[in-house]
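Me: I've got a model open and I'd like to go through its packing, rings and pockets with you. Can we take it one question at a time?

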Amino acid sequence: MSRSPGEPPFTYAEVGATRGDFPPGYHRFEVRRRLGAGRELFERVATEILTYRMQRGAGIFGSADTPVAAPGTLLTVRLGIGPFALTAPCRVVYVLDEPDRRGFAYGTLPGHPEIGEELFAVEHDPADDSVHGVVAAFSRPGAWYTRLGGPVSRLLQHWMAGRYLAAVRP
């Protein structure tokens, strides 16, 4: 993805890699949960994801410069509590708009405590009409405190993925 002059660069080279095979050298994870069934549920969750409901529901949404995720959208998430919260900048890398898969991925910008990319999506399986929420990411520490956090940081990522999915669960 190209960026406009003056926009900060992504903090990693593998921009867009959550579309396929995740790159080596990163912690990788995917959390996939059944949300229910039906096309109506799929459409509702798709709209919620694209309007940042996962981040809002998890309590970390800061701001976005568009009301609906679009490539290039700058957004921030707030990580931590009260005076210990950090504002972490991200940019939307791409938007999924497929018949049975919708969502978006954002990548980290300078100032984010992690380096990498995260995908937020909903999938509909026409074979059994099931609807699944998906959060997938590759990342590595981008600040001394996330390196120091080691395994605890990874546990927090998985916990947050569960919160994202709970935010769009019926």
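What follows is a short back-and-forth about this predicted model.

Me: Let's start inside. Which residues touch the most other members of the largest nonpolar core?

Reply: That core has 32 residues. β1 (27–37), α1 (39–50), β3 (74–79), β4 (86–98), β5 (101–108), β6 (114–125), β7 (130–141) and α3 (144–168) each put in at least two of them. The members that touch the most others are F104 and Y164.

Me: And which element gives the largest share of this core?

Reply: Helices and strands both contribute, with α1 and β1 among the elements that supply at least two residues each. The largest share is six residues, and they come from α1.

Me: How many residues are in the second, separate core?

Reply: Its members include F10, Y26, A105 and A121. In general, nonpolar side chains in soluble globular proteins tend to be buried together. The count for this second core is 14 residues.

Me: Back to F104. Is it buried or exposed?

Reply: F104 lies in strand β5. Leaving out neighbours up to four places away in sequence, F104 touches I49, L50, Y52, Q55, A69, V92, Y94, V95, L96, E118, L119 and F120. One of those partners, E118, is 14 residues away in sequence, with a C-alpha to C-alpha distance of 8.5 Å. The relative accessible area of F104 is 0%, and the cut-off for buried is under 20%, so F104 is buried.

Me: What kind of aromatic pair do F104 and F120 form?

Reply: A search of the whole structure turns up ten aromatic pairs, for context. In this one, the ring centres are 5.4 Å apart and the planes are at 40°. The pair links strand β5 with strand β6, across 16 residues of chain. An angle between 30 and 60 degrees is neither stacked nor edge-to-face, and the F104–F120 pair is tilted.

Me: F120 has another partner, Y164. What is the geometry of that pair?

Reply: Both residues are inside: F120 counts as buried at 0% relative accessibility, and Y164 counts as buried at 4%. F120 sits in strand β6 and Y164 in helix α3, 44 residues apart. Their ring centres are 5.1 Å apart and their planes are at 90°, so the pair is edge-to-face.

Me: Which residues make up the aromatic cluster that holds F104, F120 and Y164?

Reply: We've already met the F104–F120 pair and the F120–Y164 pair. Put together with the other rings, the one cluster is Y52, F61, F104, Y106, F120 and Y164.

Me: Any cation over a ring? Which ring does the charged end of R56 sit over?

Reply: There are a couple of arginines to look at. R19 lies over the face of Y94, 3.9 Å from the ring centre. For R56, the distance to the ring centre is 4.0 Å, and the ring is that of F61.

Me: Now the backbone. Is Y52, with its positive phi, buried or exposed?

Reply: Y52 is in the loop between α1 and α2, and its phi is about 70° although it is not a glycine. Its relative accessibility is 0%, so Y52 counts as buried.

Me: D129 has a positive phi too. What is its relative accessibility?

Reply: D129 is in the loop between β6 and β7, with phi near 70°. D129 counts as partly exposed, because its relative accessibility is 33%.

Me: And G59: how far apart are the C-alpha atoms of G59 and R163?

Reply: G59 is in the loop between α2 (53–57) and β2 (61–64). It counts as exposed, because its relative accessibility is 56%. R163 is 104 residues away along the chain, yet the C-alpha separation is 8.9 Å.

Me: Last topic: the largest pocket. Which element supplies the largest share of its lining?

Reply: The pocket has a volume of about 700 Å³ and 33 lining residues, with L79, E114, L156, Q157 and M160 nearest its centre. β3, β5, β6, β7 and α3 are the elements that give two or more residues to the lining. The largest share is ten residues, from α3.

Conventions: Residues are numbered from 1 along each chain as its sequence is written. This is a predicted model: local features need pLDDT of at least 70, side-chain atom pairs count only at pLDDT 80 or more; totals for chains, interfaces and linings use all residues. Side-chain values use heavy atoms; hydrogens and water are left out. Helices (H or I, at least four residues) and strands (E, at least two) are DSSP runs, numbered from the N terminus. Buried means under 20% relative accessible area, exposed over 50%, partly exposed in between (1.4 Å probe, protein chains only). A nonpolar core is a set of buried Ala, Val, Leu, Ile, Met, Phe, Trp, Tyr and Cys residues joined through side-chain atoms within 4.5 Å. Rings of Phe, Tyr and Trp (its six-membered ring) pair if their centres lie within 6.5 Å; planes under 30 degrees apart count as stacked, over 60 as edge-to-face and the rest as tilted. A charge sits over a ring if NZ of Lys or CZ of Arg is within 6 Å of the ring centre and within 35 degrees of the ring normal. On a 1 Å grid over the protein atoms alone, a cavity is a set of points where a 1.4 Å probe fits but cannot get out, and a pocket is an open set with protein on both sides within 12 Å along at least five of seven lines; lining residues have an atom within 4 Å of a point. Grid points are joined across faces, edges and corners, and a volume is the space filled by probe spheres set on the points. Contact means heavy atoms within 4.5 Å.
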